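Okay, thanks for coming, everyone. I'll walk you through how the strands and helices fit together, and then pick out a few residues.

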Amino acid sequence: MTDGEARGLLDRICERHGIATSYADVWGVRHDVPPERLVQLLRECGVELPADDAVDNACLAKVEADAERADWRRVLSPVRVLRAADDRLSATLRLPADVAQVAWRVEEESGEIHQGAVQTSALEAVGRAEVDGKPHLQYTLDIALALPLGYHRLTIAGHPGETLLVCAPAQCHRPPALEDGGRLWGLTLQLYGLRSRRNWGIGDFSDLAAFAAQAAHEGAGVIGVNPLHALFPHNPAHTSPYSPSSRAQLNALYIDVEAVPDFWMCEAARQRVESPAFQARLAELRETALVDHAGVAAAKHEILELLYANFRQTLDSDAAGEDPEVAALMQFRQTGGAALQQHALFEALQEHLHRADESVWGWPVWPEQYRDIDGPAVAEFAQRHEARIGYYEYLQWQAARQLEAAGQQCKSAGMPVGLYLDLAVSVDRGGSDAWRHRASFATGASVGAPPDVFNPNGQDWGLPPLRPDRLRETHYQVFIEALRANMRGAGAIRIDHVMVLMRLFWIPGAGSARDGAYVHYPFEELLAILALESERHRAS
């Protein structure tokens, strides 16, 4: 592609999708991203383009025209940020010129409804275009309405789509101890490496709670830990907390098995753990120089399976409705919603398929009928394997309650912040989040960093980036899930590579880190959501 007009079109299309066509390296040298790499990244952003040698001026002109028409057909933008002090909201509308009246409706997060109507003749037209031979006008709809903090929805009667109204505070939560220049000190640790005489060869949530009590006694105000995200139970050798299956669920290996309430009600589990053979296994696991993840996983799941079987007896009994533990699980399921149920479904499916074929490493190599989360094959599997899915929900329940107990220990010990949890920059492309939110990830690309002084070849972290357009269209569901999961029970979170709120370096699947480009994200919207969730969870 050498034609200057074609390059100009390519640059405009890239700008529409947030793809920067050049960047300055650490030495201040400007690098123009080659057209063929930009075309590859556009494909990752969902732009339909032919083979590279067929991407010419005419092709790009058609892509640009199609995108422009699509923009004009969208009545409302997907997301709008408001501030708590705002006493009115404004929204951009794009409508056919013959629409005479706009009936709007705002539904607050609480369910309260506000609605009204306005003649388009009373609105100022701020733009116009011809779409499919029909004139369209762009208006600014101004509504005198003060909304509380939260997520609200604006719709226009008779027209598809809605705007997520994010009403956010001006800043994230700040602990009182940090006001007016206050300072704290604390410790960070890799939880899996925390040793104790009682754990099963890997640091667990009870170790974390005990460590918190000791640290608080010494005056620490905060304890930071590595990402605690869910990994891959079928493959305990996959140990990197920065390449998780899900950022919205927990790694069940951190469960203190003997602290699970069912342990003391399950004689079979206690007898097995107390047996000389099992105690010898635990002693060996504790004494290894490095964490034996496979050995720990085998020991923990062996007993957790017994605990779940014991709990199922209560769950399936006539007395289930009166049991407080059953009520607690039901509440946990309700709070966890689709994110919890679908993650547990993923775990059960991956386990089932991997058991039949050890080469099945994740959903991209599943049989086609299981790759669609909404497909009939997945629904049938969920029905047939309800108990196994329940097991993985049970593990998340136990992990979450133990982590929350560790967080509460920090607060009880007087820590001004307490736990701070680590949010990984992305997820493994073969895991639960990428399966559940498949359309939101650019699964053929990776995130990384361009060449610099320390990494002259750049960095490729092997993780798929989230698509900015799909984040907006899905109202940031995957981002909100991750924030809520990691703020629950925490006083603060660390966002790994926090510049992800503004931009990420994308690497095309066929290229190296030298072939990447920065892709920009909706910074104001991501920051507003972060501030809102921070305030709601009192997490900084």
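**Sheets, helices and a few odd residues**

Let's start with an open sheet of four strands, ordered β17-β16-β19-β20 and paired antiparallel. And keep in mind that this is a predicted model. The edges are β17, at 459-460, and β20, at 517-520; each has a single partner strand, so one side of each has no neighbour in the sheet.

Now zoom in on β19, residues 503-508. β19 runs antiparallel to β20, and four bridges join them. If you want to click on specific pairs, phenylalanine 505 sits opposite tyrosine 518 in β20, and arginine 503 has histidine 520 of β20 as its bridge partner. On β19's pairing with β16, the sense is again antiparallel, over four bridges. There you'll find serine 446 opposite isoleucine 507 of β19.

So how many of the six residues of β19 are buried? Five are, so the strand is largely enclosed by the rest of the structure. Part of the picture here is helix α2, residues 35-44, which lies across β16, β19 and β20. The direction of α2 is at about 105° to β19.

Okay, next sheet. This one is also open and has four strands, in the order β11-β12-β15-β18, but here the pairing is parallel. At the edges we have β11, 186-189, and β18, 492-495, each with a single partner strand, so one side of each is left without a neighbour in the sheet. From one strand to the next, the twist averages 20°. Between β11 and strand β12, residues 222-225, there are four bridges, and the two run parallel. One pair to look at is leucine 187, whose bridge partner in β12 is isoleucine 223.

Packing on that sheet is helix α14, residues 477-487, which touches β15 and β18. Its direction makes about 150° with that of β15. And α14 is mostly covered, with nine of its eleven residues buried. The buried set includes Val478, Phe479, Ile480 and Leu483, but also Glu481 and Asn486. Just a quick backbone note: glycine 489 follows α14 and has a positive phi, near 85°.

While we're around β15, have a look at the loop between β15 and α12, because that's where serine 426 is. Is serine 426 buried or exposed? Its relative accessibility is 4%, and the cut-off for buried is under 20%, so serine 426 counts as buried. Its side chain reaches the backbone oxygen of proline 464 at 2.5 Å. Leaving out residues up to four places away in sequence, serine 426 touches Tyr242, Pro244, Arg247, Phe441, Leu463 and Pro464.

Now for helix against helix. I've got two pairs for you.

Pair one is α4, residues 205-217, with α11, residues 386-412. Their axes are 8 Å apart and the packing angle is about 5°. Angles under 35 degrees count as roughly parallel, and therefore α4 and α11 are roughly parallel to each other. On the α4 side, the contact is made by Phe205, Leu208, Ala209, Ala212 and Ala213. On the α11 side, Ala399, Gln402, Leu403, Ala406, Gln409 and Cys410 do the job. If you look at the numbering, there's a general reason for that kind of spacing: an α-helix has 3.6 residues a turn, so residues three or four places apart point the same way. By class, the α4 and α11 contact has nine nonpolar residues, two polar ones and no charged ones.

Pair two is α8, residues 324-356, with α10, residues 376-384. What angle do their axes cross at? Roughly 90°, and the axes come within 11 Å. That makes α8 roughly perpendicular to α10. From α8 we have Leu345, Ala348, Leu349 and His352, and these meet Val378, Phe381 and Ala382 in α10. The class breakdown for α8 with α10 is six nonpolar, one polar and no charged.

Last thing: two residues with a positive phi that aren't glycines. Aspartate 132 has a phi of about 55°, and it's in the loop between β7 and β8. At 58% relative accessibility, aspartate 132 counts as exposed. Then there's arginine 538, also with a positive phi of about 55°, in the segment after α15. Arginine 538 is partly exposed, with a relative accessible area of 48%.

That's my tour, so over to you for questions.

Key: Residues numbered from 1 in each chain as written. Predicted model: local features only at pLDDT ≥ 70, side-chain atom pairs only at ≥ 80, totals over all residues. Heavy atoms only, no water. Axes fitted to C-alpha atoms, helices over the stretch in contact; angles between N-to-C directions. Parallel < 35°, antiparallel > 145°, perpendicular 65-115°, else oblique. Contact = heavy atoms within 4.5 Å. Nonpolar A, V, L, I, M, F, W, Y, C, P; charged D, E, K, R; others polar. Pairing = 2+ DSSP bridges. Buried < 20%, exposed > 50% of the residue type's maximum accessible area, 1.4 Å probe, protein only. Polar contact = N/O pair within 3.5 Å; in protein donor to acceptor, adjacent residues only side chain to side chain.
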